[in-house]
Each structure stands twice: as C-alpha cells, then as structure tokens.
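Dear colleague,

Please find the structure below, together with its sequence. My notes on it follow, and I should be grateful if you would read them beside the coordinates.

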Amino acid sequence: MKNLGIYVQVPFCQTKCTYCNFHTGVVAKERFAPYVEAVCREIRGHRELLRAVGVEWGTGPAASLGTSEWPQPDQGNRVASGEREESEYLVDTVYFGGGTPSLLEPRQLQENLAAIRETFRTEFREVTLEADPETVGAEKAAAWVSAGISRVSFGVQSFSDKELAAAGRMHRRNDVYRAVPILRSAGIENISFDLIAGLPHQTKESWKQSLAELIRLAPEHVSVYLLEVDEGSRLGTELLQGGRRYSAGAVPSEDEMAEFYEMAQEALGETGYRHYEISNWAKPGFESKHNLKYWRRQPYLGFGAGAHSFSGRQRWANAHDAAEYVSAIERGSVPVEQLETVTAEMALEEELFLGLRQLDGIDMGRIEQEYGVTLGERFAPLAEAGLVEQHGSVVRLAEEKLSVSNEVFVELMR
Ligand code: SF4
C-alpha cells in the first residue's frame, strides 16, 4: 500500500504582507463556510471530478478488500457508504496550508478532516496546520488537538517588531512568546517556525537575535527562506522597479542574505537541528513527513483553490481564484487548470533537482537503474567546480555551496 499526502489550501488572510507572492485574499468571514463546504465536496467526489477532467486517478483495480477488512469507524477510518476508495493508498499526512488556515473556525477544519476520513483509508501520522501566532488562543488550540491536528507551523518570519511591521505582518514578537506555551499546554508536541532572511531593515545583529530567540523557544522544526524578489509581490515589484515604497530601500543585499543563511546553518547545526533540505532543519525524528513527499516524488492530492496534486504519472492544479473554485464545485466540476503528464525526461529532471535539495543527496545507482541513464558525466563538471561532492554512489550539494544552490541547479539543468 502506498502512502498518500493530502494538502488543503485555505487562501484567506487578514492582510496582505508586502513580500507575499501567493494567491491569497482578504475576505469577509462569511466567505469561509461556503469554501470549506466546497472543499468537503471536492474531497468526497474527487474520483468522479478528476476523471471528468482527464486525470487518471483511482482508475486502477477497485478495492480488493472485503468491507469487513476496512478499519472500523472508531479508529477514525471508514469508507463513505456507496464508495470504494483506492485500495492502494493510505492517507498518513494532511497539511492545511495557505493563506492563514488558523483563521478558520476549528469546526471547519474538523469538517475537512471528517470528509478525508470518510473518503480515504487513513492512519494519520502528521496533520499540520499553518498558523499565524496572533490567531492562537487556548480554546482554539484545544479544539485543534481534538480535531486531530498534531503539528503547527508558525509564520514567525522574524523576532524584530520593526521588520514585522515593515513587512505588513499582523503579529509581533510577543505574540510568538504567548502562542507557544498555549500550544504546548494543549498538547502540540511538534511546532515549526518559518523565518525569512532578507526582510526590510534586517541586519546581521537583528538576524542573530531572531535566531537566538528561535533557539530559546525550541521548536522541533525550522524553515528558513530567502526573500523572493519577483513581480508577484508589492515589495518585489518595487525592488525590480528601483522604488522605495514598502521599505524597499532597506532590503539587505543578496550577499547579506547568503550570509544570514550561513549564520542559520551554523546556529541551528550547533543546537541539534539536522539540516535535511535546503530550507529545512529538524530535531531528530521531526522532519516534515508531508513535505518529504514533495521532495521524494511521492503522491499527494491537493484540495481547494490553487492546490497542486501529483499522482506519480500526472501533475495538475486547481484554479487560484477562490470564488471561481467554489462556484465550479457547486456546479459539479473541478476547475483544473494545468494538467500535464510527466514524461520520463521530466521525471528525471525532477529527481535531480529535488534530490539535490535534500542533504542526503541523490543515489545515482538507483536513478541510473530506474531511468536507464548514466549520470557520471553530468555531475563531473559540478564536482570539479566544488559545487557537489560524491561519496560512493551518492552525490550531494557541497555544504558550503548550499547558499548558492540556485547557481548549481542552473549548471545542472544546462
Ligand atoms: S500571511 Fe502568508 S499567505 Fe497571508 S499574506 Fe502574509 S505571507 Fe501571504
């Protein structure tokens, strides 16, 4: 049986951060209920909805197990009456991402989880909720735990109020200190913090301070992202046009960002975090089980506006616009926008790109056997330039080159 990850996209936020290049909107709370209902309908009807748009999903042999062999409802697993779910998949990870999924009522998250449990065989090992620190309260946290949420991923971004304010974030440093003990008391034993290197007004000192405060609060998992400069965000557009709005003039240089990344590498490494993916560190055993599926090319289904899916053979995504998504689902169809069949050549490129992002590296022996290719020549110039290192049949990014990984990827894909 294959493990399957489920991603639920919640595209709503309280405000728009200046650096944000996601498709999210600030909407009235009244819009949440129809959206949650549409996601439930998409989950329950996914096989027929996907088949109607040409996705090959669940089209293999139907469940071979007799109904008496399905797990019982009191284990949290069951098959909706009249449905025969893909017998080859077991949903073991769920990820509510956004947007700000913690804005939803806990009851609404519970409704989505109930739809998943009714539709798929499930044995949850990790159910993540992305949350903004200021949205956390004791009652809410307790309700999350009883709904089955086991991991909370916080968009902390920085511990400097000046940086948070300039970036348009709603929370402040104190909100993080208030939220973490609430989650711990509620029973959340797996917390992740995101930090962004490159926010306006960030300095070497303030970054050092953010890293120190993060380490003091001891989350089990840490993601460090570099500020993305593109036309998808207001700050990115301003920077590209050479303007000064949104504190664009106070954004650190690329060299400074690379230095901040290396400082994080050092500080987190010294305090027991294992660097396992370019942007991710974890205490032993707390690597993100759901995100590992993306990097290892394992199947996942995404539900909601803009959610992406991968079956192993095909990739597809839903339309980004939440209103368009809800009305399509209400009309009985799913608005799939980008459906592509992954060719062997594409799959190989993905293996190399995603494999190098992981610090365990790429097992060339496995890839050569699976794809019938020889990789030695492809990696030789990178090894000569000191960008990758080889140990037996494993090739990985050289540790001191992680901060310039994009250059390595460009070289590799030439
Ligand atoms: S909270 Fe996250 S998704 Fe929402 S606007 Fe800010 S960066 Fe974007």
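**Asn280 and its surroundings**

Asn280 is placed in strand 8, which covers residues 280–282. Please bear in mind throughout that this is a predicted model.

Is Asn280 buried or exposed? Its relative accessibility is 2%, and because buried means under 20%, Asn280 counts as buried. The side chain of Asn280 forms a polar contact of 2.6 Å with the side chain of Ser223. Ser223 also belongs to the wider set of residues in contact with Asn280 once neighbours within four places in sequence are left aside. That set further includes His221, Val222 and Tyr225, together with Arg274, His275 and Trp295.

**An open sheet**

Three strands make up an open sheet with antiparallel pairing, in the order 13-15-14. Its edges are strand 13 (362–363) and strand 14 (388–391), each of which pairs on one side only. Strand 15, residues 394–397, is joined to strand 13 by 2 bridges in the antiparallel sense. Within this sheet, Ile362 has Val395 of strand 15 as its bridge partner.

**The ligand shell**

Which residues lie around the ligand? They are Cys13, Thr15, Lys16, Cys17, Tyr19, Cys20, Phe22 and Thr24, followed by Gly99, Thr100, Asp132 and Arg169. Sorted by class, the shell comprises 5 nonpolar, 4 polar and 3 charged residues. Lys16, Asp132 and Arg169 are among the residues of this shell, and each of these three counts as charged.

With kind regards

Methods
Residues numbered from 1 in each chain as written. Predicted model: local features only at pLDDT ≥ 70, side-chain atom pairs only at ≥ 80, totals over all residues. Heavy atoms only, no water. Near = heavy atom within 4 Å. Pairing = 2+ DSSP bridges. Helix = DSSP H or I, 4+ residues; strand = E, 2+ residues; numbered from the N terminus. Buried < 20%, exposed > 50% of the residue type's maximum accessible area, 1.4 Å probe, protein only. Polar contact = N/O pair within 3.5 Å; in protein donor to acceptor, adjacent residues only side chain to side chain. Contact = heavy atoms within 4.5 Å.
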